[in-house]
Amino acid sequence: MVLFVGNDINNIQSNSNNSWEKLLKRIIEKYGKKVEVDKSKPFPLIYEELYLKLLKTGKLENELTLKEEIAKALSTIKPNEIHRMLLELDCNNYVTTNYDYTLQQAVLNGKTTKKLKNEGLVYEKKFSVFRHHVINNKKFWHIHGEINSPQSINLGFEHYGGQLQHLRDYVVSGVKYKTRENPIAPLYQRLKENDVKNISWVDLFYTDEIHIVGLGLGFEETDLWWLITNRARLKYEKKLDALKNNKIIYYCPLLYKNYHKKQIMDANGIKTIYINKINTEFYFEVINRIKNKNTIA
C-alpha cells in the first residue's frame, strides 16, 4: 500500500498559514509586485506571472533566489496529529507533492532534517523521478522537489513541462543517465515482462494500491494527470498482468465534490470516496477506513 499525500494535511487548522494561496500572497507582498491571486488562475501560472514581473523590473537575479525564499517559508511548517497518525498505518511508501519534511519530522521526533540524504538510484539536481529518503524502513518520495534542494522545487509551468518530459521518457522510451553505466529500460517494457523493482515512485503508481489523501489534484497538475491517463490506457488497452492489482483510491470531503472531476476519475479507473466531514474529522475517517480496509464509497 502507498499513501499519496497532498498539502491539505499541513493546512487543517482554520488559522493555518500553510496554504499555497497564503504563501504566494506573502511572497508577492514581500517583493511588492501587483499579482492577483485568484481561483480562476492556476497556481503555476500565478508563479510564472510573479517570476516574470520580477525579472522584467530587475528585482530578481535568478529563479533560484525566489525558490530559496519559498523553501525558507516552508521550512517553518511543523507536523501535526494527522501526520503522526498517517505514519502509524501499515505503509512503507509515502509519495508527496509537498516540499516540506513534516512527515519525516513526525518520524524523527524533533531531530534535524537538514542532513536528510537523497537515496535516489540516479542523482537528480532539478527533477524528481527517483528522489526519496529512507527513515525507519519507510520511504518518502518528494515528487515535486524538496526544500533542502530549492532548485528541485516544482512551481511554474516551465518546471511542470520538464518534469512531465522526464516522466514520459521514464515510462515510454527509457532513459540513460551519466551516473549509470546501463540505461534504464522503459517502464512499459518492464511492466510487460513483470520485472518492476520500484526504483522510482512512478513504478508504484502503476503496480501498487494507492490511497490519495489531502491532494486537490487540480487539472494544472499536468504531470500527474498524464500518469493517470497513461496508466488507464495501459490497463484497458494492453491488459498487463502487473496492473491487475493496481488500485487508486481518492478521498475527498463531500463539500468539495466535483461532478466533472468524478467523471474523469471514473473513466481512468480511480475510485472516489466522498466523506461528509472536514478538517481533522475528515482525516480521522480516512485513516480509519484505510486501517480497516473499508473502501466502500
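User: What makes the buried residues of α11 part of a packing arrangement, and which elements do they meet?

Analyst: The buried residues of α11 pack against β1 (2-5), α4 (81-87), β5 (210-213), β6 and β7 (270-275). Packing rests here on contact, meaning heavy atoms within 4.5 Å. The residues of α11 that count as buried are F282, Y283, E285, V286, I287, R289 and I290. Buried means under 20% relative accessible area, exposed over 50%, and partly exposed in between (1.4 Å probe, protein chains only). This is a predicted model, in which local features need pLDDT of at least 70 and side-chain atom pairs count only at pLDDT 80 or more, while totals for chains, interfaces and linings use all residues. Residues are numbered from 1 along each chain as its sequence is written, and side-chain values use heavy atoms, with hydrogens and water left out.

User: Why is the length of α11 said to be close to the expected one?

Analyst: The expected span of a helix is 1.5 Å times one less than its number of residues. Helix α11 (residues 279-291) has 13 residues, for which 18 Å is expected, and its first and last C-alpha atoms are 19 Å apart. Just beyond the end of α11, K293 has a positive phi of about 55°. Helices (H or I, at least four residues) and strands (E, at least two) are DSSP runs, numbered from the N terminus.

User: How do you know whether the span of α2 agrees with its number of residues?

Analyst: Helix α2 has 14 residues, which should span 20 Å at 1.5 Å a residue; the end C-alpha atoms are 20 Å apart, so the two agree. Its buried residues are P44, I46, Y47, E48, L50, Y51 and L54, and they pack against α1, α3 (63-74) and α6.

User: What is the relation between the directions of α1 and α2, and why is it given that name?

Analyst: Helix α1 (residues 20-31) and helix α2 (residues 43-56) pack at about 10°, and their axes are 12 Å apart. The pair is therefore called roughly parallel. Angles under 35 degrees count as roughly parallel, over 145 as roughly antiparallel, 65 to 115 as roughly perpendicular, and the rest as oblique. The axes are lines fitted to C-alpha atoms, for helices over the stretch in contact, and angles run from 0 to 180 degrees between N-to-C directions.

User: Which residues form the contact of α1 with α2, and what makes it nonpolar or charged in composition?

Analyst: From α1, W20, E21, L24, I27, I28 and Y31 meet F43, I46, L50 and L54 of α2. The residues of this contact divide into 9 nonpolar, no polar and 1 charged. The classes are Ala, Val, Leu, Ile, Met, Phe, Trp, Tyr, Cys and Pro as nonpolar, Asp, Glu, Lys and Arg as charged, and the others, Gly among them, as polar.

User: Why are α2 and α6 called oblique?

Analyst: These two helices pack at about 125°, with axes 8 Å apart. An angle of this value is in none of the named ranges, and α2 and α6 are therefore oblique to each other. P44, L45 and E48 of α2 make the contact with F157, E158 and Y160 of α6. Its residues divide into 4 nonpolar, no polar and 2 charged.

User: Why is N246 called buried, and which polar partners does its side chain have?

Analyst: N246 has a relative accessible area of 0%, and is therefore buried. N246 is placed in the loop between α9 (222-238) and β6 (248-253). A polar atom of its side chain lies 2.5 Å from the backbone oxygen of D208, and the side chain reaches the backbone oxygen of F205 at 3.5 Å. A polar contact is a pair of N or O atoms within 3.5 Å; within protein, one must be able to donate a hydrogen and the other to accept it, and residues adjacent in sequence count only if both atoms are side-chain atoms.

User: What makes K178 and N137 exposed?

Analyst: K178 has a relative accessible area of 89% and is therefore exposed. K178 belongs to the loop between α6 (157-173) and α7 (187-192). N137 is at 67% relative accessibility, so N137 also counts as exposed. Its loop runs between β3 (132-135) and β4 (138-142).

User: Why is the phi of N137 worth a remark?

Analyst: Most residues other than glycine have a negative phi. N137 is a residue other than glycine, and its phi is positive, near 70°.
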